[in-house]
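User: I am new to this structure and would like a close look at one part of it, with the terms explained along the way.

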Amino acid sequence: MQTTIPTTRVPLEEHKQGEVYSNPDIAFATEEGTRLFYIESYGCQMNFNDSEIVASILGEAGFQSTRDADQADLILINTCSIREKAEETVRKRLRVFDKMKIQRPGTMVGVLGCMAERLKTKLLDEEKLVDLVVGPDAYRDLPGLVAGAEEGNRGVNVFLSREETYADISPVRLDSNGVSAFISIMRGCDNMCSFCVVPYTRGRERSRDAFSILAEATTLFEQGYREVTLLGQNVDSYKWLHPESGDTVRFADLLRMVAEIHPELRVRFSTSHPKDMTDEVLHAMAGYENICNYIHLPVQSGNSRILDLMNRTYDREWYMDRIRAIRRIIPDCAISSDVITGFCSETEAEHQDTLSIMEWAQYTMSYMFCYSERPGTPAAKKLADDVPEATKKRRLEEIIHLQTQIAHNLNQQDIGKTFSVLIEGDSRRSEEEFKGRNSQNKMIVFPKKPGLKPGQYVNVRITEATSATLRGELIID
Ligand code: SAH
Ligand code: SF4
Ligand code: F3S
């Protein structure tokens, strides 16, 4: 997904890999002499959630947030390394911040997240672009590193941990609509997809204390939130051992526990890995009305040879079997995907296999990318990035074209249907309209009626559809 520069706030639901959001809307009264921080985030939802943890840690240390980088004493950029383009965008921003430092000496700039972890001290020592380098498992150290850097010490901590889950930290909800929130349930990744930098930037997989997750979700519900999305690189391998009882809580158990908090609290999750998604999870979903009928199940490629080179550990047949299981157990479940075009040695026929599996799976939505070689990954070490850039792009255009058609057709089939919609806020185009999602995660826009407000559930009958949005009318019982 393209990155945009944060001149305006990007609504939460649009935060996706490579996008950005600017600063928190927290109503702190700024006192004279208080130090202000500004944070800008790129990458996946987990990275955005990490920024909320960072905001909480800095708040505890006496910092206050600002939306204006020009005002900040501490400028932080929480970064993503997933594709080369994501890193280029961050570098551009760092150069902008570097200029600000010339105008306001004493301003400190820190790089957080995956690029900090991947490049370690390079941005500090060689490129002299930043004052602080803090990896994803070192955020508790941030206030100390800032204080140290003020005294002339090197502000670096890129140690990865096997235990850190920030379980006890209540994230400060940044840019929140007050209706839906993200909860990280695990960190890191133990898979070794050959194209992917995440295992190197995020470290080993670890699951967070189930009861701290439940407590966070319960508090959110009490604060008026009506939807939580449980986040992990591979949520299906969530596994937490109760230290006293010795019981193991698996993802299906966790889903049920969170769903039990309240029938009006919707539960979503992301991302599922095809090799680990069990029927038990599907049965848990089918058993609770408030667990949304939506699964993000990235296929990456529709060809078994390419999947093998990618080390995804499933083949085309296995993936299709998982989709059949979803259709059998949750007939009205929406499925979305991630797709990479032009992976090492991908032929035209293998690309056709990706198109055909997309057609077969009927994804409601896909994130689609050209393969971008990441230094240090198994693919970069062992495989040649030999598909020409123009071919990658042309294949990408073909899959985007197909996905748009599929989404358009699926959305047309929704016309006349009535969905329960959780109101999230005003639609982007008009204050006369609300927007919200149905269980299948489709965005629905409809005219407001007096008395309705965000956080309420309403029934909406669909009257119009494009490939991106459904429009409808309220059904008042
Ligand atoms: N954990 C998730 C994905 C996390 S990264 C999963 O396994 O599905 C999000 C997406 O970025 C991936 O699904 C993949 O489609 C894409 N991606 C990751 N590395 C990439 C690379 N080197 N080049 C292009 N796309 C990549
Ligand atoms: Fe990367 Fe694979 Fe882990 Fe996803 S499952 S984060 S693609 S290594
Ligand atoms: Fe990017 Fe790191 Fe997430 S590489 S996609 S921010 S885990």
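Which residues does M358 touch, not counting residues up to four places away in sequence? Please also describe the surroundings of that part.

Analyst: This is a predicted model, in which local features need pLDDT of at least 70 and side-chain atom pairs count only at pLDDT 80 or more, whereas totals for chains, interfaces and linings use all residues. Residues are numbered from 1 along each chain as its sequence is written, chains are lettered from A and ligands numbered from 1 in the order in which they are written, and side-chain values use heavy atoms, with hydrogens and water left out.

Leaving out residues up to four places away in sequence, M358 touches V339, Y363, S366, M368, I399, L402, Q403 and I406, where contact means heavy atoms within 4.5 Å. M358 is found in helix α12, which covers residues 348-361; helices are DSSP runs of H or I with at least four residues, strands are runs of E with at least two, and both are numbered from the N terminus. With a relative accessibility of 0%, M358 counts as buried, a word that stands for under 20% relative accessible area, while exposed stands for over 50% and partly exposed for what lies in between, with a 1.4 Å probe and protein chains only. Along the chain M358 and L383 are 25 residues apart, and their C-alpha atoms are separated by 25 Å.

I357 is also placed in helix α12, and with a relative accessible area of 0% I357 is buried. If residues up to four places away in sequence are again not counted, I357 touches V299, G302, R316, Y319 and M320. I357 and I476, by contrast, are 40 Å apart in space from C-alpha to C-alpha, with their positions 119 residues apart in sequence.

One of the residues touched by I357 is Y319, which leads to the aromatic rings. A pair of aromatic rings is described by the distance of the centres and the angle of the planes. Here rings of Phe, Tyr and Trp (its six-membered ring) pair if their centres lie within 6.5 Å, and planes under 30 degrees apart count as stacked, over 60 as edge-to-face and the rest as tilted. By this rule the count comes to eight aromatic pairs. One of them is the tilted pair of Y314 and Y319, with 6.0 Å from centre to centre and 35° between the planes. Y314 is buried at a relative accessible area of 5%, and Y319 is buried at 0%.

The rings of F343 and Y371 have their centres 4.8 Å apart and their planes at 75°, so this pair is edge-to-face. F343 sits in the loop between β16 (334-341) and α12, Y371 sits in the loop between β17 (365-370) and α13 (378-382), and the pair thereby links distant parts of the chain, 28 residues apart. F343 counts as buried at 0% relative accessibility, as does Y371 at 3%. Ring pairs also join F195 to F343 and Y371 in a cluster.

The loop between β16 and α12 also holds S345, and its backbone deserves a look. Most residues other than glycine have a negative phi, and most peptide bonds are trans. S345, a residue other than glycine, has a positive phi near 70°, and with a relative accessible area of 26% S345 is partly exposed. N311, which is not a glycine either, has a positive phi of about 60°; N311 is found in the loop between α10 (304-309) and α11 (316-329) and is partly exposed at 35%. Elsewhere, a cis peptide bond with omega of about 10° joins S270 and T271, and T271 is found in the loop between β14 (266-270) and α9 (279-287).

To place this part in the whole, the secondary structure of the protein chain comes to 14 helices and 22 strands. Of its 477 residues, 58% count as buried. Among contacts between residues at least 6 apart in sequence, 72% join residues at least 24 apart. The C-alpha trace spans about 65 × 60 × 50 Å along its principal axes.
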